[in-house]
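Biologist: I should like to learn how to read the features of a structural model. Please take me through one, with the criteria behind each term.

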Amino acid sequence: MDTFGLKIIASDKIFYEGRCRNLIIPAPDGQKGILPNHENMVIAVSVGIARLELEEGKWSEVAVGTGFAEIVNNRVTLLVDTAERPEDIDIRRAEEQRERAEERMRQKQSIQEYYHTQASLARAMNRLKLAQNKKWNL
Ligand code: ATP
């Protein structure tokens, strides 16, 4: 089967660079699948779980923050603010992030602060979802 070039860039690191067979990304209107030779386009990426098939039948999951995916000539660049493998997620830190964000949600905030808190809460919940699924082998 064909592959395509994939580069996943988070704000603090190049998370992955190599070949990929199939990529599923969380988008505002649902999951989007990218197979080799996909037409060129740009897709918005939401906070969620991206799934990568790097070798046949072997899927990896990554917790991603918001960003976008650019597909040009069978090369995909996924540019996201954060990206974590399940085994790299610090569950305790994610729980604290969630509690902090929930507490801020109960307080009066500017619109800008509100959006910031909402994004932080979404990232924390997403990390917990991915890490806990792995923990319980779901
Ligand atoms: P907050 O969402 O409360 O602002 P933060 O600033 O600690 O939390 P982020 O801005 O979401 O976190 O991420 C900053 C960096 O830390 C990124 O590289 C992200 O991948 C990493 N990171 C954040 N939370 C975790 C976590 N719970 N486990 C592992 N890595 C994390």
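Modeller: The discussion below treats the domains, the ligand and one loop residue in turn. This is a predicted model, in which local features need pLDDT of at least 70, side-chain atom pairs count only at pLDDT 80 or more, and totals for chains, interfaces and linings use all residues. Residues are numbered from 1 along each chain as its sequence is written, and side-chain values use heavy atoms, with hydrogens and water left out.

Biologist: Which domains does the domain assignment of the protein chain give?

Modeller: Domain bounds come from an automatic or database domain assignment. Here that assignment gives domain 1 (4–84) and domain 2 (88–136). Their centres, taken over C-alpha atoms, are separated by 22 Å.

Biologist: How is the area buried between domain 1 and domain 2 to be read?

Modeller: The size of an interface is often given as the accessible area lost when the parts come together. Buried area is that loss, summed over both parts, with a 1.4 Å probe. Between domain 1 and domain 2 about 790 Å² is buried, and carbon and sulfur atoms give 63% of this. On the side of domain 1, V47, I49 and E84 supply 57% of the area buried against domain 2, more than any other three residues. Counted by contact (heavy atoms within 4.5 Å), 10 residues of domain 1 meet 8 residues of domain 2.

Biologist: Which residues come nearest to the ligand?

Modeller: A residue is near a molecule if one of its heavy atoms lies within 4 Å of it. There are 13 such residues around the ligand, and D12, E84, Q97, S120 and R123 come nearest. The shell draws at least three residues from each of domain 1 and domain 2. Helices are DSSP runs (H or I, at least four residues), as are strands (E, at least two), numbered from the N terminus. α1 (91–106) and α2 (111–135) each supply at least two shell residues, and α1 gives the most, with 4.

Biologist: What polar contacts does the ligand make with R93, Q97 and S120?

Modeller: A polar contact with a ligand is a pair of N or O atoms within 3.5 Å. A side-chain N or O atom of R93 is 2.9 Å from a ligand oxygen, and a polar side-chain atom of Q97 is 2.8 Å from a ligand nitrogen. For S120, the side-chain N or O atom lies 2.7 Å from an oxygen of the ligand. The protein covers 74% of the 610 Å² of accessible area (Shrake-Rupley method, 1.4 Å probe) that the ligand has on its own.

Biologist: Where does N74 lie?

Modeller: N74 is in the loop between β8 (67–72) and β9 (75–80). A polar atom of the N74 side chain lies 2.7 Å from the backbone nitrogen of N37 and one lies 3.1 Å from the backbone oxygen of T3.

How values were computed: A polar contact is a pair of N or O atoms within 3.5 Å; within protein, one must be able to donate a hydrogen and the other to accept it, and residues adjacent in sequence count only if both atoms are side-chain atoms. Buried area is the accessible area (1.4 Å probe) that two parts lose on being put together, summed over both.
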